[in-house]
Amino acid sequence: MAGRDRELLIPVASEALGLNGGSDVAGPTPVSPAIVAPPYHAMTLEGSSKYIRSWVWKKFMSGCVILCPIAITFYTTWWFISFFDGFFSPIYAHLGINLFGIGFVTSITFIFLVGVFTSSYLGASLLGLGEWFIKKMPLISSLYSASKQISAAISPDQTSRAFKEVVIVRHPRIGEYAFGFITSTIILRTRNGEEELYSVYLPTNHLYLGDIFLMSSNDVIRPDLTVREAIEIVLSGGMSIPQIISTMDCGIPVLRDHAKINKS
């Protein structure tokens with residue numbers, strides 16, 4: 001009985017292995033799982049989606065580049081008008097006049113009249129008296145002095161300007177240049193005699209912080225730039241610098257590439 005069962009099992013095992021009892025006829029072979037490639041339309045859809053996302057992002061950034069300067073300009077102008085309009089608007093509102101912009105016009109007119117009045121002898125005398133009282137106050141005097149020096153730097157009055165002249169100096173290394181402003185002239189007395197030196201202010205953080213150097217007249221270069229133009233270059237981070245800067249004496253271009261100045 002056991003032998004018969006063994007005979008019955010052997011063909012079954014042979015068929016399972018595809019041998020058919022040792023015959024030459026090949027039996028069914030196990031099918032290996034094939035790698036199925038993604039359909040063509042799926043690949044096309046994914047590529048199109050990436051292209052659309054890239055196109056949308058580029059157009060969005062282009063819109064931001066165009067609208068950001070306009071928005072900043074509009075917001076700054078609106079803030080400027082609202083700031084000056086707020087000085088006299090409460091007075092007009094108390095009188096029953098609610099007209100936007102009339103406070104701004106009044107403020108601009110008031111500033112103009114102050115400039116005209118302080119240019120006269122009486123106005124200058126009253127201004128000097130007011131400054132004398134302010135300088136007697138401990139904290140306010142320091143704040144007022146610093147603010148006045150910054151305002152005097154861009155004053156159109158040549159006699160009261162803090163920055164007398166704009167110069168270019170070789171700083172901090174040879175081959176690199178930086179903008180500076182002459183604030184005063186001093187005489188240095190040594191054993192060998194006297195030497196005239198310029199007090200040159202080199203701004204390092206816009207116009208509010210910087211270093212002061214005492215330099216000889218041979219070590220400074222005088223460009224064909226006004227003080228106001230140099231201040232605009234410093235405040236703009238070098239974006240408003242002209243492509244060619246010439247010296248005042250011979251007109252030879254000092255710097256032909258603005259990248260050299262940007263190193264400062």
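In this predicted model, 22% of the 264 residues of the chain count as buried. The accessible surface of the chain comes to about 20,100 Å², and carbon and sulfur atoms supply 66% of that area. As for contacts between residues with a separation of 6 or more, 33% of those in the chain join residues 24 or more positions apart.

The secondary structure is made up of seven helices and seven strands. Read from the N terminus, the order of elements is α-α-α-α-α-β-β-β-β-β-α-β-β-α. The chain thus opens with a run of five helices before the strands begin, and helix 2, helix 3 and helix 4 are the elements taken up below.

A good place to start is the surface. A nonpolar patch is formed there by Tyr75, Trp79, Phe80, Phe83, Phe87, Ile108, Phe110, Ile111 and Val114, which together have about 930 Å² of accessible area. Two or more residues of this patch come from each of helix 2 (40–94) and helix 3 (102–118). Helix 2 gives the largest share, with five residues. Among the patch members is Ile108, which has its place in helix 3. The relative accessibility of Ile108 is 36%, so this residue counts as partly exposed; the limits for that class are 20% and 50%.

Helix 3 itself rewards a closer look. Its 17 residues should span 24 Å at 1.5 Å a residue, and the C-alpha atoms at its ends are indeed 24 Å apart, so the expected and modelled spans agree. Which residues of helix 3 are buried? They are Gly103, Phe104, Thr106 and Ser107. These four residues lie on the same side of helix 3, because the arc they cover around the axis is only 160°. On the other side of the helix, Phe112 and Leu113 are exposed. Helix 3 therefore has a buried side, given by an arc of only 160°, and it also contributes residues to the nonpolar patch.

Helix 4 offers a charged residue to consider. Glu131 is found in this helix, which covers residues 121–134. Is Glu131 buried or exposed? With a relative accessible area of 12%, Glu131 is buried, since the cut-off for that class is under 20%. Leaving aside residues up to four places away in sequence, Glu131 touches Tyr144 and Lys148.

How values were computed: Residues numbered from 1 in each chain as written. Predicted model: local features only at pLDDT ≥ 70, side-chain atom pairs only at ≥ 80, totals over all residues. Heavy atoms only, no water. Patch = residues over 30% accessible without salt bridge, like charges linked within 9 Å, V, L, I, M, F, W, Y side chains within 5 Å. Areas by Shrake-Rupley, 256 points an atom, 1.4 Å probe, with all protein chains shown as cover. Salt bridge = Lys/Arg side-chain N within 4 Å of Asp/Glu carboxyl O. Buried < 20%, exposed > 50% of the residue type's maximum accessible area, 1.4 Å probe, protein only. Contact = heavy atoms within 4.5 Å. Expected span 1.5 Å × (residues − 1). Arc of directions from axis to C-beta.
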